[in-house]
Structure formats: structure tokens, C-alpha cells
Amino acid sequence: MLLSKGFEIEMYTGTPSGDVVGLSDKIVANLEGNFAKEPDSRNVEYITSPSTQYESQLCELLRPRRKIREYLQRLGNYTFIPGSTLSLGGSDRFYRSDPNNPYHEYIEKTYGTTVVTASVHINVGIEDPEVLLRACRLIRVEAPLYLALSASSPFIDGEPTGYHSTRWAVFPQTPAHVPLFESHAHHIRWVEEQLAAGTMQSVRHLWASVRPNGDRRPYDLNRLELRICDLVTDPIALLSITALLEARLCQLIADPQLDPLEMSTLPATTRAEDLLTITAANESAVARSSLDAQLTHWQDGRKILARDWIEEVYQEVWAIAKQNGFNCFLSPVQKILREGNTAQQWLKLHAYGFEPRSIIMQSIQAMSDRELELEDKLCSSPMV
């Protein structure tokens, strides 16, 4: 069984020297494709079509990026900037992509530049709403593991912040309290209550680490959306994180008892809230230390390092990935565990004396080179 998956990729645009420049309004206006503006013009979003096949998703990730790159070169000497925060400057003001959009005005006035981040949202198709809500419960309590693998925002305004994922440390999770939804009916009732109270401006205004998604939320749902990940610029690394997620979901579908509300040994009377408390602390710890964070396991409360927990899940789901033919896409998770995520690699360079601008400039070139390499080797049809 292979699940459908697709991506929403948010990326900064700017100069080869690492300065972020807002160009999303021009990109969306002048390029055909599934491109979208964020409230701030400095990042642009592209969306891949859902597919069960990893090979096709690899090219779906590359093609829009190459298309935007070609357009950026026509505009001037512009490129993509890696990372999930305004690493080298510009966090002091907002650059509206659509000055007449009232929702964008609300975003700017309410949250400021804490929302001007770049990230990747991973969508995985699950048609049965009750299975989907069960999946959201499991991935909600394990979302810190995916952030640990993807962390790529250790700098803001040219300085290290003390976090590996500054994005998740500052991002305004909204509403302030999002429960572990016990059923589809619970989710519908809660969303309707938030809209009536004004704590959500629309059905889209649910900014948590993971949420159920669909074409008519909250009533018609068909996919899990993992929103916690920092931007992962290497498509192979991103697909490996996705493979870990998909294999875990396949495990849950085969074994519904993996539901945290069922399997956790925390006291039944307070289990749901205890799980949320543990998860919030785990997210905070991972935002600071990523793979090296000490976490509390949702199942039995034991302490465990993020990298060790990821390794445990990896070993549990390897056979599932192999049986379904995508273990080769899962295996690069081990490379991230060995070599560190992007934030750890950048901070290591910084400890050796490299300035953030130099690190970002090196990463800009490496990202472009990697795209060309993968395009030549793995995507045989022309980039369009």
C-alpha cells in the first residue's frame, strides 16, 4: 500500500550574496503553474501534485524550482535562499505581497515578521476521516522528530539565535490550544467553535504542527498535513523524511492500537492533556537542540534523545517501507542522523569561524548544484 503525497514548499528569493528580496508577486503574476503568494513577498510557495510514487515526486519538487530559477535570472541576478528564517537581515519590517488583501493585513498586524518564514508542508492522503484523525494524533505527538530532521533556521539578522529551528521557536501556533481530536465530530465541533469565537479567522487559520486537511474543511477531509518541518532544500533528504512519515502512517493503519490515546500508559483521566503538555515541551526542546534534544516519550514517559527515538521508529518501519518498495527513499534518514541536519551543519561551520553570510552563500551554490545534479541523473524529461 502506497499513500498519495504532495508538498507545499515555501522558499525565499534574493541575491547570490544571501540578501532576501521580495519577488513573489512577480512570480505568481507572470509564471504559469501552481505558485502562490505568502502575505510577505519575500517567500514564494509552490505546490506539487499528489502522487503515490516517490520518483515522480522528486521531479515534481525540481521542475517548479527550475522554472522559477529561470524566471529569476530574467528579472536579474536573483536566486533561492536556503533556510527557514531571515538569516541575514530584514526581520524588522513586513513587505506585503498584496497590500489590498484584508487577511494579509490581519496577519501583518497580529503576528508581524514571526510568520515570515520558509518551510515545507508534507501532505499524505488518508480518505477515512476517523483513520485520518487517529493518524493526526500519532503524528502530533511525534512531530518533534520530523522537526529534528529538518531544522534549518539557526540564524536571524546575521546572528545565531541559540536555536536550531528559530522558525518553530517564534512561529505563532494558532489557536493557542489545539486539542488531540478524539474523532471527526470533535474536530468539526471545535473548528466551528473557534470560528464563532474569532480565535480562527477562517478554516485555514489553524497553525499547529499537524492538521487534517481537505477540500471542504472541517467537513470533508482527505489528507494529513505535517506543518512543523523547516525548509529542506535537498529533495532526496525531504523524500526520506516523507518516507519515514508514510511508513509510520502505514504502520498505524495496519495497527490502530498505535493510537496515543490507546497505547500511552499515562493516566487515562488526564491522558489527552498530558500528551499535549509533553508534546509542547518536546517541540520546544527540538526547536533548540534538534537531533540532540532530550525528549519525553509519549508512550511511557521515558526520557530519550531525539536521534535515538528517530532510530527506533526507523527500525520499526523499515520492513514496511521495504515491503512497499520505498525503502531506498527511507534510507537517507541515516545520513541526516550521521551528518546532522542543515542547522547543525551551519552551526558547525560557524563554530569554525565562518560568518553566517559566508555559510548562506555556500549553501545557495550547493543547493543550485544539487538541483542540476538530480535533474540530470533522475528527471529525464525536460524541465518545463
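A disulfide is a pair of cysteine sulfur atoms within 2.5 Å. The views below show a predicted model, in which local features need pLDDT of at least 70, side-chain atom pairs count only at pLDDT 80 or more, and totals for chains, interfaces and linings use all residues. Residues are numbered from 1 along each chain as its sequence is written, and side-chain values use heavy atoms, with hydrogens and water left out.

**View 1. The disulfide of C59 and C379.** One disulfide is found in a search of the whole structure. The bond links C59 to C379, with an S to S distance of 2.0 Å. The link is left-handed, at -105° about the S-S bond. C59 sits in helix α2 (residues 54-75) and C379 in the segment after α14 (356-378), so the disulfide ties together parts 320 residues apart in sequence. Helices (H or I, at least four residues) and strands (E, at least two) are DSSP runs, numbered from the N terminus. C59 is buried, at 7% relative accessible area, and C379 is buried too, at 4%. Buried means under 20% relative accessible area, exposed over 50%, and partly exposed in between (1.4 Å probe, protein chains only).

**View 2. Two cysteines outside the disulfide, C229 and C250.** C229 is in no disulfide, and the nearest cysteine sulfur, that of C136, is 14 Å away. C229 is buried, with 1% relative accessible area. C250 is likewise in no disulfide; its nearest cysteine sulfur belongs to C328, 15 Å away. With a relative accessibility of 5%, C250 is buried.

**View 3. The largest cavity.** A cavity is a set of points, on a 1 Å grid over the protein atoms alone, where a 1.4 Å probe fits but cannot get out; lining residues have an atom within 4 Å of a point. Grid points are joined across faces, edges and corners, and a volume is the space filled by probe spheres set on the points. The structure has two cavities of 30 Å³ or more, and the largest has a volume of about 70 Å³. Its lining includes C136, R137, R140, F181 and R211. Helix α4 (129-150) and strand β8 (210-213) each give two or more residues to this lining, and α4 gives the most, with four. The lining has nine nonpolar, no polar and three charged residues. Ala, Val, Leu, Ile, Met, Phe, Trp, Tyr, Cys and Pro count as nonpolar, Asp, Glu, Lys and Arg as charged, and the others, Gly among them, as polar.

**View 4. The second largest cavity.** The volume here is about 40 Å³. The lining is formed by H187, V191, V203, L206, P212, R217 and P218. By class, five of these residues are nonpolar, one is polar and one is charged.

Conventions. 1 Å grid on protein atoms, 1.4 Å probe; cavity = no way out; pocket = protein on both sides within 12 Å on 5 of 7 lines; lining within 4 Å.
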